[in-house]
Amino acid sequence: MLGNFSASASVPRRDGARLARALVRWFHEHRRRLPFREDPDPWRILVSEVMLQQTRVEAMLPRYRGFVARFPDAGSFAEASADEAVASWSGLGYYRRARALHRAAGEISRQGFPRTEAGLRALPGIGPYTAAAVASIAFGEPVAAVDGNVRRVLARRFGVEGPTDRASFRRRIRELADQLVRIATQGADPAAAPGDWNQALMELGALVCTPAAPRCAGCPLRGRCVAFLEGRVAELPERPERRAPVAVRLATGLVRDRRGRVLLFRRRRSPMRGLYELPGGPCRVGETPRKALTREARARYGLVLSPGSALPSFRHTVMDQRLTVYPFFAAVAGERGPPVRGRWTAPDELDRIPAGAILKKALAIAGSESPPVDCRALMSGNTP
DNA sequence: AAGTCGTGGAA
DNA sequence: TTTCCAAGACT
């Protein structure tokens with residue numbers, strides 16, 4: 001095909017080898033000692049990579065230790081129930097990961113651990129990044145694992161323009177990453193192990209080439225870093241445009257069951273599909289779940305909530321507002337019997353509760369629907 | 001392609 | 001207080 005074949009599209013071999021040498025040296029000196037780097041067990045590496053998806057090392061670390069202590073291999077996790085699998089993920093977020101990993105563990109225990117990027121990619125929950133990461137770290141396959149860190153490092157080092165969500169940007173980064181992993185693991189002297197190379201790139205992004213306030217003074221690549229040399233470190237990579245907030249209408253209501261407990265239900269349509277919330281609208285930013293529920297319940301319905309009933313909660317992000325929501329029954333003061341325990345429920349599971357049925361029940365019990373309220377929400381720019 | 005899914009921490 | 005967004009995958 002015609003078009004993009006300019007010299008800038010490829011990394012000169014010598015240049016790449018120099019970059020690789022400097023980065024690998026830096027990595028050996030500055031790498032963090034992390035438990036999943038201490039032993040090369042594929043299962044643990046897989047678990048760590050899945051846990052690290054959109055999650056910081058510091059947040060993931062304690063969960064990781066507990067998880068691998070309880071499920072030291074794929075077989076043990078496969079034997080757990082689906083509920084246990086999700087519960088073991090409690091507090092980590094993105095609970096779909098837990099279900100997918102559970103299924104993957106089943107496949108692994110039946111068919112063996114895939115030892116290639118392509119084989120790993122076929123497992124549920126294993127995308128392009130995770131497949132490459134596990135293949136390179138656990139099995140030494142020379143494939144580039146491109147995550148947010150790598151995109152940022154390469155965008156700055158090579159001056160890659162354009163918003164990071166653009167196809168052209170991703171393509172260019174992919175080219176660079178593919179060429180570099182080849183050079184670093186084959187052409188460079190000494191050749192780096194594929195897993196070390198990928199982790200070095202990511203570690204640099206995590207410790208030095210950070211999104212905000214990068215530590216360029218300590219960067220092994222600054223001598224040839226386009227962004228640094230041109231004083232554009234803060235501008236690269238370009239962020240995708242943010243959507244404008246729009247008003248949406250929410251149908252809300254209140255349900256009380258026979259024991260006087262309050263059930264909060266969700267609205268039905270996009271863009272906040274699946275959102276459960278307090279009657280009357282979203283919680284205030286920064287409010288604790290209990291405080292918000294207490295406030296709304298008292299203000300709107302004169303209910304006094306009893307203390308002592310634990311309420312697991314979920315937060316939903318809409319224009320980065322935290323909306324605290326309650327998919328559970330809450331205990332109401334005066335109720336006899338034990339306080340209601342919040343059953344631990346993952347958002348995936350909540351999605352299967354038919355909103356229509358809940359709304360119907362709400363109307364039957366509460367008598368009428370509360371008036372719609374306005375709420376900021378994310379919508380694609382041109383939708384009314 | 002654009003929307004969705006969670007949580008915690010930093011600035 | 002508000003915004004950003006972190007070792008993404010999936011639809």
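1. Helices here are DSSP runs of H or I with at least four residues, numbered from the N terminus, and on that basis Arg25 is found in helix α1, which covers residues 13-30. The model under review is a predicted one, and the points below should be read with that in mind. Arg25 belongs to a positive surface patch that is formed together with Arg14, Arg18 and Arg21. With a relative accessibility of 56%, Arg25 counts as exposed, because the cut-off for that class is over 50%.

2. Helix α1 also holds His28, and this residue counts as partly exposed at 48% relative accessibility. The C-alpha atom of His28 is separated by 8.4 Å from that of Ala200, although the two residues are 172 apart along the chain. A second pair of this kind involves Ala155, which is found in helix α10 (residues 148-158) and is buried, with a relative accessible area of 0%. The C-alpha atoms of Ala155 and Leu176 are separated by 9.5 Å, and these residues are 21 apart along the chain.

3. The geometry of helix α7 (residues 96-111) can be checked against a simple expectation: its 16 residues, at 1.5 Å a residue, should span 22 Å, and the C-alpha atoms at its ends are indeed 22 Å apart, so the two values agree. A colleague repeating the sum should note that the expected span is 1.5 Å times one less than the number of residues. Many positions in α7 are listed as buried, among them Arg97, Arg99, Leu101, His102 and Ile108. The buried set in α7 also includes Ala98, Ala100, Ala104, Ala105 and Gly106. After the helix comes Gly112, whose phi is positive and near 90°.

4. Turning to charge pairing, side chains of opposite charge can pair when their charged atoms come close. A search of the whole structure finds 11 salt bridges. One of them joins the side chains of Arg224 and Asp15, with an N to O distance of 3.4 Å. Arg224 lies in the loop between α12 (194-207) and α13 (226-229), whereas Asp15 lies in helix α1, so this pair ties together parts that are 209 residues apart in sequence. The two partners fall into separate accessibility classes, Arg224 being partly exposed with a relative accessible area of 42%, and Asp15 being buried at 15%.

5. Which residue forms a salt bridge with Arg33? The partner is Glu38, and the closest N and O atoms of the pair are 3.1 Å apart. Arg33 counts as exposed at 72% relative accessibility, while Glu38 is partly exposed with a relative accessible area of 44%. Asp39 and Arg44 form another salt bridge, in which the closest N and O atoms are 3.9 Å apart; since the cut-off for such a contact is 4 Å, a reader applying another limit may wish to look at this pair again. Asp39 counts as partly exposed at 26% relative accessibility, and Arg44 is also partly exposed, at 25%. In addition, Arg32, Arg37, Glu58 and Glu203 are linked in a network of salt bridges.

6. The backbone deserves a separate comment, given that most residues other than glycine have a negative phi, and most peptide bonds are trans. Leu236 and Pro237 are joined by a cis peptide bond, with omega at about -10°. Pro237 has its place in the loop between α13 and β1 (245-252).

7. Where does Gln54, a residue other than glycine with a positive phi, lie in the chain? Gln54 lies in the loop between α3 (42-51) and α4 (57-70), and its phi is near 55°. At 69% relative accessibility, Gln54 counts as exposed. Ala213 likewise has a positive phi, of about 50°, although it is not a glycine. Ala213 is found in the loop between α12 and α13, and it counts as exposed with a relative accessibility of 64%. Arg224 is placed in that loop as well.

Technical notes:
Residues numbered from 1 in each chain as written. Chains lettered and ligands numbered in written order. Predicted model: local features only at pLDDT ≥ 70, side-chain atom pairs only at ≥ 80, totals over all residues. Heavy atoms only, no water. Patch = residues over 30% accessible without salt bridge, like charges linked within 9 Å, V, L, I, M, F, W, Y side chains within 5 Å. Areas by Shrake-Rupley, 256 points an atom, 1.4 Å probe, with all protein chains shown as cover. Lys, Arg positive; Asp, Glu negative; His and termini not counted. Charge placed at Lys NZ, Arg CZ, Asp CG, Glu CD. Helix = DSSP H or I, 4+ residues; strand = E, 2+ residues; numbered from the N terminus. Buried < 20%, exposed > 50% of the residue type's maximum accessible area, 1.4 Å probe, protein only.
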